[in-house]
Amino acid sequence: LGPKFQDHYAIYDLGKVPGIDARLGGALIKPADPNNLLIIGNPGLPSAQLFKIGLTRGLCGHITGFQGSATVVADVPQAQSILLAREDLLLITVTPSNRLYQLLNDANTPSWTYDFDVMKEVQYSASGIGIVPDSYGLPARTLCFSSWTLGAFTCGSIKTDGPLAELSGLTQLSTYSDADFGFAYVPESLDLPAKGWRSHAA
């Protein structure tokens, strides 16, 4: 942890995820399902899969370990990072083939695949993914990607009114050399809400 975070955050080693004998990729917890973790196994490989594993929590709600054994939710070849676009819709970056999966609830394969190479929108290969916080005050909900291997940062608007997400206006903005696999938005001030800044989270 950098000095800016040491007084506010701590790192814990939860150990191996039971049931996943592979490298780990992106992970998330749905707000409506706080005691289960969705996590990618074998990221970037044809054998990549999305798993679900139960969580244990302490009295303060912090995650203390895993419960049970991970089960396969979906086959997602070359999946890398994962984002909750809507409670029933996941967005999953696909590396190195530079695509985006959209996965609806209860689907065991991608519901739709978006090819960035065909659209010439994301350079190299989309890897990290995140939605810009509302505190930035942007006129539209904005989705950003970091690309592998050079960390090119590309953003555009996202709409989730229909069954699947709609992307538009994707434009490369900057390059961050340490954000090729992932990034996270954190408050610029850890004491007060602020516009925030990007941090490597691979």
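**Note on strands, the disulfide and a surface patch**

1. Leu 83 has Leu 91 as its bridge partner in strand 6. The model is a predicted one. Strand 5 and strand 6 (residues 89–94) run antiparallel and are joined by five bridges. Strands of a sheet pair through backbone hydrogen bonds, either parallel or antiparallel.

2. That pair belongs to an open sheet of four strands. Their order is 5-6-7-8, and the pairing is antiparallel. Strand 5 (79–86) and strand 8 (112–115) are at the edges. Each has a single partner strand, so one side of each lacks a neighbour in the sheet. From one strand to the next, the twist averages 20°.

3. Now the sheet with strands 9 to 12. Here four strands form an open sheet in the order 9-10-11-12, with antiparallel pairing. Strand 9 (125–131) and strand 12 (166–175) are the edge strands, and each pairs on one side only. Neighbouring strands of this sheet are turned by 30° against each other on average, direction ignored. Strand 9 pairs with strand 10 over six bridges, in the antiparallel sense. Within that pairing, Ala 126 has Ser 147 of strand 10 as its bridge partner.

4. How many disulfides are there? The count is one disulfide. The bond joins Cys 144 to Cys 155, with an S to S distance of 2.0 Å. Cys 144 sits in strand 10 (residues 142–148) and Cys 155 in strand 11 (residues 152–159), so the disulfide ties together parts that are eleven residues apart in sequence. The torsion about the S-S bond is about 110°, so the disulfide is right-handed. A disulfide is a covalent bond between the sulfur atoms of two cysteines.

5. Are the cysteines of the disulfide buried or exposed? Cys 144 is buried, because its relative accessible area is 1%, under the 20% cut-off. Cys 155 is also buried, because its relative accessible area is 8%. Cys 60 is another matter. Cys 60 counts as exposed because its relative accessibility is 70%, and the cut-off for exposed is over 50%.

6. Next, the hairpin of strand 3 and strand 4. Strand 3 (residues 49–57) and strand 4 (residues 63–75) pair over eight bridges, in the antiparallel sense. Arg 57 stands opposite Ile 63 of strand 4. Five residues lie between the strands of this hairpin, and Gly 61 has a positive phi near 90°.

7. Arg 57 also gives a reference point for Pro 34. The C-alpha atoms of Pro 34 and Arg 57 are separated by 9.8 Å, with the two residues 23 apart along the chain. Pro 34 is in the loop between strand 1 and strand 2. Pro 34 is partly exposed, because its relative accessible area is 38%.

8. Which residues form a nonpolar patch on the surface? The members are Tyr 12, Leu 14, Ile 29 and Ile 63. Together they have about 370 Å² of accessible area. Ile 63 is the residue opposite Arg 57 in the hairpin. Ile 29 is in the loop between strand 1 (24–28) and strand 2 (36–41). Ile 29 is partly exposed, because its relative accessible area is 31%. A patch residue needs over 30% relative accessible area, so Ile 29 passes that cut-off.

Methods. Residues numbered from 1 in each chain as written. Predicted model: local features only at pLDDT ≥ 70, side-chain atom pairs only at ≥ 80, totals over all residues. Heavy atoms only, no water. Patch = residues over 30% accessible without salt bridge, like charges linked within 9 Å, V, L, I, M, F, W, Y side chains within 5 Å. Areas by Shrake-Rupley, 256 points an atom, 1.4 Å probe, with all protein chains shown as cover. Salt bridge = Lys/Arg side-chain N within 4 Å of Asp/Glu carboxyl O. Helix = DSSP H or I, 4+ residues; strand = E, 2+ residues; numbered from the N terminus. Buried < 20%, exposed > 50% of the residue type's maximum accessible area, 1.4 Å probe, protein only. Pairing = 2+ DSSP bridges. Axes fitted to C-alpha atoms, helices over the stretch in contact; angles between N-to-C directions. Disulfide = S-S within 2.5 Å.
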